[in-house]
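Visitor: Could you take me on a close look at the nonpolar parts of this protein, inside and on the surface? I work at the bench, so please spell out the cut-offs as you go.

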Amino acid sequence: MSRLTTVPTIMIEVRAFDDDDVTGRTIFHPVIRAAADGYSLGTLALNELADLPILRDHINNAIKNFNISTPMEENQEKEAPRFTAIIEGYLSGYRPMNRGNFNPKTMEVRTSQEIIVDLAEMVDIELNDVAEAMLYLGYCTAMTNHKVGWLLGSVSPVD
């Protein structure tokens with residue numbers, strides 16, 4: 001059966017907020033946005049990261065209850081591109097972000113070439129290897145100060 005509508009783009013980002021009740025504690029709230037054809041389909045904000053598996057369980061139950069079939073390719077796990085594990089380790093202090101809410105205090109833009117230079121003593125990696133791994137890990141591109149690169153959100157809370 002073919003789709004009647006455009007496949008939506010679904011973005012999951014995490015926002016850090018200082019806890020008003022406990023000084024020095026930061027709470028990370030997942031925010032899920034859906035859009036299609038340039039229009040928002042809605043936003044869902046969850047209380048904390050631990051709510052994501054709960055949401056996944058509800059979605060899986062809905063798929064089963066509504067008897068929704070998925071193409072065979074979608075059921076199979078996509079194989080990680082070369083060097084994904086190395087790049088994921090390199091980015092351990094960062095997380096994928098949405099370019100729509102760029103904040104220079106909590107985000108930075110790093111080019112594929114900068115990543116290659118940083119990893120040069122560890123692995124012989126090429127631009128396309130970096131691009132494939134970054135896309136697989138959920139990162140998007142952004143432009144700031146006439147520099148195009150990967151948008152990296154800081155994992156640590158900002159003072």
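Guide: Happy to; here is a walk from the whole chain to its cores and then to the surface. This is a predicted model, in which local features need pLDDT of at least 70, side-chain atom pairs count only at pLDDT 80 or more, and totals for chains, interfaces and linings use all residues. Residues are numbered from 1 along each chain as its sequence is written, and side-chain values use heavy atoms, with hydrogens and water left out.

Let's start with the overall layout. The protein chain has 5 helices and 7 strands (DSSP runs numbered from the N terminus, H or I of at least four residues for helices and E of at least two for strands). Along the sequence they follow the pattern β-β-β-α-α-α-β-β-α-α-β-β. The C-alpha atoms fill a box of roughly 50 × 45 × 30 Å, taken along the principal axes. Of the 159 residues, 26% are buried (under 20% relative accessible area; exposed means over 50%, and partly exposed lies in between, with a 1.4 Å probe and protein chains only).

Now to the inside. In soluble globular proteins, nonpolar side chains tend to be buried together. The largest nonpolar core here has 15 residues (a core is a set of buried Ala, Val, Leu, Ile, Met, Phe, Trp, Tyr and Cys residues joined through side-chain atoms within 4.5 Å). Those with the most contacts inside this core are I87, I125, V130, M134, Y139 and W150. Helices α4 (112-119) and α5 (127-136) and strand β7 (147-154) each supply at least two of its residues. Take V130 as a way in: leaving aside neighbours within four places in sequence, V130 is in contact with I87, S112, I115, I116, I125 and W150 (contact means heavy atoms within 4.5 Å).

A second, separate core of 6 residues includes M107, C140, A142 and L151. M107 sits in strand β5 (residues 107-110) and counts as buried because its relative accessible area is 8%. Beyond neighbours within four places in sequence, M107 is in contact with M97, N101, F102, L151, L152 and G153.

From M107 we can step out to the surface: its C-alpha atom is separated by 30 Å from that of I59, 48 residues apart along the chain. I59 belongs to a nonpolar surface patch with I63, F66 and I68, and together they have about 390 Å² of accessible area. Patch residues have over 30% relative accessible area and no salt bridge, with like charges joined within 9 Å and nonpolar side chains (Val, Leu, Ile, Met, Phe, Trp, Tyr) within 5 Å. A salt bridge is a side-chain nitrogen of Lys or Arg within 4 Å of a carboxyl oxygen of Asp or Glu. Accessible areas come from the Shrake-Rupley method with a 1.4 Å probe, and for residues only the protein chains shown count as cover. F66 lies in the loop between α1 (51-65) and α2 (72-75), and F66 is exposed because its relative accessible area is 64%.

Around this loop, the backbone is worth a glance too. Most residues other than glycine have a negative phi, and most peptide bonds are trans. Just after α1, N67 takes a positive phi of about 55°. F83, in the loop between α2 and α3 (84-90), also has a positive phi, near 70°.
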